[in-house]
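Okay, hi everyone, thanks for squeezing me in. Let me put the structure up and we'll walk through how the pieces pack.

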Amino acid sequence: MMSNEDTTPDRVILPSLETPTLTKAELAELLFERLGLNKRESKDMVEAFFELVHDSLVKGDDVKLSGFGNFNIRRKAPRPGRNPRTGEAIPIEARNVVTFHASHKLKAIVQGDTPIDEDFE
């Protein structure tokens, strides 16, 4: 809750539907504003981060981001499926999928159970 004297909310306010995604360009801009990196360095740092995550997942390695969550590769077995339009049976081949599991810390912050500390922003 908020008191009249305290304007800081106890809960995390999620962005509205008007801004459903955070883009690489927006991340680079935040690095530029908050860390004082130049725009080229900011863009390069964001690109390097996503390239590392991408390359690790492609190799089949898990990616663990402390305090945020884990990206894991999971092997899905082949299974029978069907075309929903025609009802025709279609085999679905085995494949790898990426899953994300949020950390307990992130879940608690999203639920509003834990206030956001300065380091998390």
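So, to start: is the crossing of H1 and H2 left-handed or right-handed? It's right-handed. Keep in mind as we go that this is a predicted model.

Now the geometry. The axes of H1, residues 24-35, and H2 come within 8 Å of each other and cross at roughly 130°. Anything over 145 would count as roughly antiparallel, and 65 to 115 as roughly perpendicular, so H1 and H2 end up oblique to each other.

Who makes that contact? On the H1 side you've got Lys24, Leu27, Ala28, Glu29, Leu31 and Phe32. H2 brings Lys39, Ser42, Lys43, Met45, Val46, Glu47 and Phe50. Sorted by class, that's 7 nonpolar, 1 polar and 5 charged residues.

Let me zoom in on Ser42. It sits in H2, which runs over residues 39-58. Ser42 is buried, because its relative accessible area is 0% and the cut-off is under 20%. Leaving out residues up to four places away in sequence, Ser42 touches Ala28, Leu31, Phe32 and Leu37.

Right, over to the sheet. It's an open one with 3 strands, ordered E1-E2-E5, and the pairing is antiparallel. E1 (63-65) and E5 (95-102) are the edge strands with a single partner each, so each has one side without a neighbour in the sheet. From one strand to the next, the twist averages 25°.

E1 pairs with E2, residues 69-76, over 3 bridges, and Val63 stands opposite Phe71 in E2. H2 packs on this sheet too, touching E1, E2 and E5, with its direction at about 140° to that of E1.

Methods. Residues numbered from 1 in each chain as written. Predicted model: local features only at pLDDT ≥ 70, side-chain atom pairs only at ≥ 80, totals over all residues. Heavy atoms only, no water. Helix = DSSP H or I, 4+ residues; strand = E, 2+ residues; numbered from the N terminus. Buried < 20%, exposed > 50% of the residue type's maximum accessible area, 1.4 Å probe, protein only. Contact = heavy atoms within 4.5 Å. Axes fitted to C-alpha atoms, helices over the stretch in contact; angles between N-to-C directions. Parallel < 35°, antiparallel > 145°, perpendicular 65-115°, else oblique. Left-handed = near helix turned anticlockwise from the far one by under 90°. Nonpolar A, V, L, I, M, F, W, Y, C, P; charged D, E, K, R; others polar. Pairing = 2+ DSSP bridges.
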